[in-house]
Amino acid sequence: MSLCAFVAPLYFLGVNVLGGVHILGGVNVAFPQNASAHEQVFLRWTHFIAGTTWLGLLYFFLLVNTPFLKELESGTRAKVYATLMPRAMWWFRWASVVTWLAGFRYFQILLKEEAFNAGRPMLMLHSLLIWLGVWLVAYFLIHGMLMGSAGPLGNGWLLGVLVAVVVSGAAWLVLSFLAGHEASNRTLSIAVGGGLGTIMFLNVWGMVWRCQKKLIAWNRALAEHGTPMPPEAATLARRAYLASRMNFWLSFPLLFFMAAASHYPFLSGK
Ligand code: HEM
């Protein structure tokens with residue numbers, strides 16, 4: 001379709017695409033004229049769509065699919081599993097990548113603005129490295145706990161308490177660092193919410209997908225050739241379940257901090 005064919009109908013709607021200010025049914029439509037505003041709205045929009053896809057599937061797995069699969073007889077379950085999970089996991093894990101990348105880039109823009117306003121351009125890099133470092137260490141601790149879930153850490157309550165201690169400690173560390181640099185509610189909120197999102201993202205790739213890959217293959221072998229599930233299947237299924245359930249609970253504070261960033265000023269730096 002030529003550009004004219006695309007632009008002409010918009011003129012009929014009263015939208016002057018080439019001008020700075022446009023009229024649409026009495027409403028003034030004026031797009032911002034700087035590239036950064038376009039990038040930011042694109043990032044936010046992408047972040048929302050991918051985040052909805054990711055969390056929508058996570059809630060589906062936890063609230064609908066796991067109880068549903070339990071009710072099926074083992075042969076049918078293997079068939080359903082091998083057909084449903086590869087597609088669902090594809091959208092799930094790649095949506096987590098897009099959410100994280102868009103959120104991280106947006107966070108970088110916020111930190112850069114604040115660092116320039118404070119007259120210390122290098123602050124952005126320091127803040128990002130410290131933020132990432134703290135949340136990576138938190139993730140490795142959590143990963144270690146999940147790997148030990150065949151023992152006492154398989155108890156969901158104990159694991160939940162330990163994870164709460166680790167993420168609270170990480171949140172406290174990043175807030176203490178950023179607060180010393182006059183950070184705004186926006187960056188402080190995202191430092192915590194985005195950190196929780198980072199743990200969740202690493203959980204998806206580092207634990208859930210690694211276990212699911214094998215579980216899908218074993219279920220396919222059972223459905224197609226009657227090959228029995230290996231003994232370690234139960235351990236991997238439990239690990240994947242605990243990691244997903246952890247992500248489910250972490251998504252609630254995460255969404256609070258995402259929402260509070262621009263709409264609920266309750267944090268401020270010194
Ligand atoms: C499951 C993961 C995530 C979901 C569902 C999610 C969701 C959201 C939502 C709904 C908003 C809009 C808030 C509003 O405008 O009221 C938002 C904003 C934002 N998110 Fe996330 N997010 C996730 C992960 C992350 C991560 C990992 C980061 C960064 C490292 C991040 C950085 C941001 C930033 C910078 C904003 C803009 C805040 C503002 O404009 O004040 N997000 N996110």
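These are my notebook entries on a predicted model of a chain with a ligand.

**Entry 1: the overall layout**

I began with the domains. The assignment splits the chain into domain 1, residues 1-31, and domain 2, residues 34-263. I then looked up how far apart the two lie, and their centres, taken over C-alpha atoms, are separated by 41 Å.

**Entry 2: around the ligand**

Next I turned to the ligand and its shell. I found 24 residues around the ligand, and R44, H47, R186, M258 and S262 come nearest. Sorted by class, the shell holds 15 nonpolar, seven polar and two charged residues.

Which helices supply at least two residues each to this shell? I noted helix 2 (35-70), helix 3 (74-117), helix 6 (185-225) and helix 7.

Then I went through some atom pairs, which may be handy if you are checking a pose. For R44, a polar side-chain atom sits 2.3 Å from an oxygen atom of the ligand. For S262, a polar side-chain atom is 2.4 Å from a ligand oxygen atom. With H47 the ligand partner is a nitrogen atom, 2.7 Å from an N or O atom of the histidine side chain.

**Entry 3: helix 7**

I stayed with helix 7, as it helps to form the shell. Helix 7 runs over residues 233-263, which makes 31 residues. From first C-alpha to last it reaches 45 Å, close to the 45 Å expected at 1.5 Å a residue. Where does helix 7 have its kink? I located the kink, of about 30°, at S251, shortly before the proline P253.

**Entry 4: T46 in helix 2**

Back in helix 2, I picked out T46. Is T46 buried or exposed? Its relative accessibility is 19%, so T46 counts as buried, the cut-off being under 20%. I also checked the partner of its side chain: a polar atom there lies 2.6 Å from the backbone oxygen of F42. A reminder to myself on helix geometry: an α-helix has 3.6 residues a turn, so residues three or four places apart point the same way.

**Entry 5: R210 in helix 6**

My last stop was R210, which is found in helix 6. With a relative accessible area of 46%, R210 is partly exposed; the exposed class would need over 50%. I looked up its separation from L236 too. The two are 26 residues apart in sequence, while their C-alpha atoms are 8.9 Å apart in space.

Terms used. Residues are numbered from 1 along each chain as its sequence is written. This is a predicted model: local features need pLDDT of at least 70, side-chain atom pairs count only at pLDDT 80 or more; totals for chains, interfaces and linings use all residues. Side-chain values use heavy atoms; hydrogens and water are left out. Helices (H or I, at least four residues) and strands (E, at least two) are DSSP runs, numbered from the N terminus. The expected span of a helix is 1.5 Å times one less than its number of residues. The bend at a residue is the angle between axes fitted to the seven residues ending there and the seven starting there. A residue is near a molecule or strand if one of its heavy atoms lies within 4 Å of it. A polar contact is a pair of N or O atoms within 3.5 Å; within protein, one must be able to donate a hydrogen and the other to accept it, and residues adjacent in sequence count only if both atoms are side-chain atoms. Ala, Val, Leu, Ile, Met, Phe, Trp, Tyr, Cys and Pro count as nonpolar, Asp, Glu, Lys and Arg as charged, and the others, Gly among them, as polar. Domain bounds come from an automatic or database domain assignment. Buried means under 20% relative accessible area, exposed over 50%, partly exposed in between (1.4 Å probe, protein chains only).
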